[in-house]
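Work through the following exercises with the sequence and the model at hand, and compare each step with the worked solution.

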Amino acid sequence: MANRDRYNDEMKLRLQRDLSRAISDYAPDSEVIADGNVVRSRYLKRIPSKDWPRYYYRECSNCNSVNIQLFTGQTLKDFTEQNTFCPMCSARYSGGMAKEFIIPKYGFLYEAEKQWNLANKKPTHTFSGEIFYRGNNTSKLKQYDIPGHSVSCAYGREDELVLINRSNFSICSWCGFGTLSRDVSEHYASNGKKCTGKLYSSSLGHVFRTDVFIINLEDVPIGSIDQALSVLSALTNAFCRLFNVDDNEIGGCVSMSSGHYIFVLFDNTPGGAGYVKTALADRSDNLLQLIRAALKISEECTCGNGERTDCACYGCLLNYRNQRYHDKIKRSYVIDALSGFKEE
Ligand SMILES: [Zn+2]
Ligand SMILES: [Zn+2]
Ligand SMILES: [Zn+2]
């Protein structure tokens, strides 16, 4: 019996991992390598008589949190009207209507007829995604011993995050056809037959669990989401350099606790790979080193010709995952926030 449970747990974990990756890389209109050819992903796989889980969501541009709610029959308009303020920071949501995402839990199928030889074509991806913290460990923050500072942290085992590929897909709930194109007059199911199902607009998402480490620099005033994103980038990049971890392994997001921006570092691999736990859980010494390394990366980079610090580059704070915020991230924000931690 024990063996069987473990097998099930492992299976669940594998599905979670595969789905995170699939939503990022194999969503409709992505080009994917299959059997040595480049093919285009086109369908969300359907299982007869089973629906994909559907959620409504609103994203807060003030604190970068997301409010998600499982679809239970209410209309998107009703959800929008009932959720006009962000529960994390109390700011009024901007940007009109809430949106919807579905969890493509059975995977994707590609277009059979269109294939390119790998030599002639580089695959392109459609991902414009983001990970948000959904857990409740912000209520368990406890003081870490960093002399002269008030820093509280919490380690969360298998805490909840949500990954949203917020691209606006048009999806057919009958056959699973999906596209980023806005003007589709007709479409065909994966069996080649013409389908008369209606397309509706949706993002794709995945709720998953992994190990997180939350950092609240209580006495550091962080004045804007741009500054918070800059400090987050410095912390994740510093984590990988300091603890010798591949930068694909560590993710980060900004969240909020009692009106203050906080930083959530997590193991990218669903289920947790042990990185944040080993490095930071109950390790005040390592945490201080991490903060100092984040400051050092920002101070010592020479982007901006060594004169300006209102910039960032791939040598300091920028990386593939924070692409969406490259115009917001600046070394000066990190230096302003963290200079109080400098080694005497
Ligand atoms: Zn907010
Ligand atoms: Zn269809
Ligand atoms: Zn730089």
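**Exercise 1: the surroundings of Y155**

Y155 is partly exposed, because 18 other C-beta atoms lie within 10 Å (20 or more would make a residue buried, 12 or fewer exposed, and partly exposed is in between, with C-beta atoms placed from the backbone). The model is a predicted one, in which local features need pLDDT of at least 70 and side-chain atom pairs count only at pLDDT 80 or more, while totals for chains, interfaces and linings use all residues. Residues are numbered from 1 along each chain as its sequence is written, and chains are lettered from A and ligands numbered from 1 in the order in which they are written.

Task: find which residues Y155 touches, not counting residues up to four places away in sequence.

Solution. Begin with strand 9 (residues 151–172), in which Y155 lies; strands are DSSP runs of E of at least two residues, helices runs of H or I of at least four, both numbered from the N terminus. Next, apply the contact criterion, C-beta atoms placed from the backbone and lying within 7 Å, which gives F213, K277, L280 and A281. Finally, Y155 and A281 are 126 residues apart in sequence, yet 5.9 Å apart in space, C-alpha to C-alpha.

**Exercise 2: two helices**

Task: determine how closely the axes of helix 5 and helix 6 come and at what angle they cross.

Solution. With axes fitted to C-alpha atoms over the stretch in contact, and angles running from 0 to 180 degrees between N-to-C directions, helix 5 (residues 284–300) and helix 6 (residues 331–338) come within 9 Å and cross at roughly 140°. Helix 5 is therefore oblique to helix 6 (under 35 degrees is roughly parallel, over 145 roughly antiparallel, 65 to 115 roughly perpendicular, and the rest oblique). The contact takes I291, A294, L295, S298 and E299 from helix 5, and R331, V334, I335 and L338 from helix 6.

Conventions. Two residues are in contact if their C-beta atoms, placed from the backbone, lie within 7 Å.
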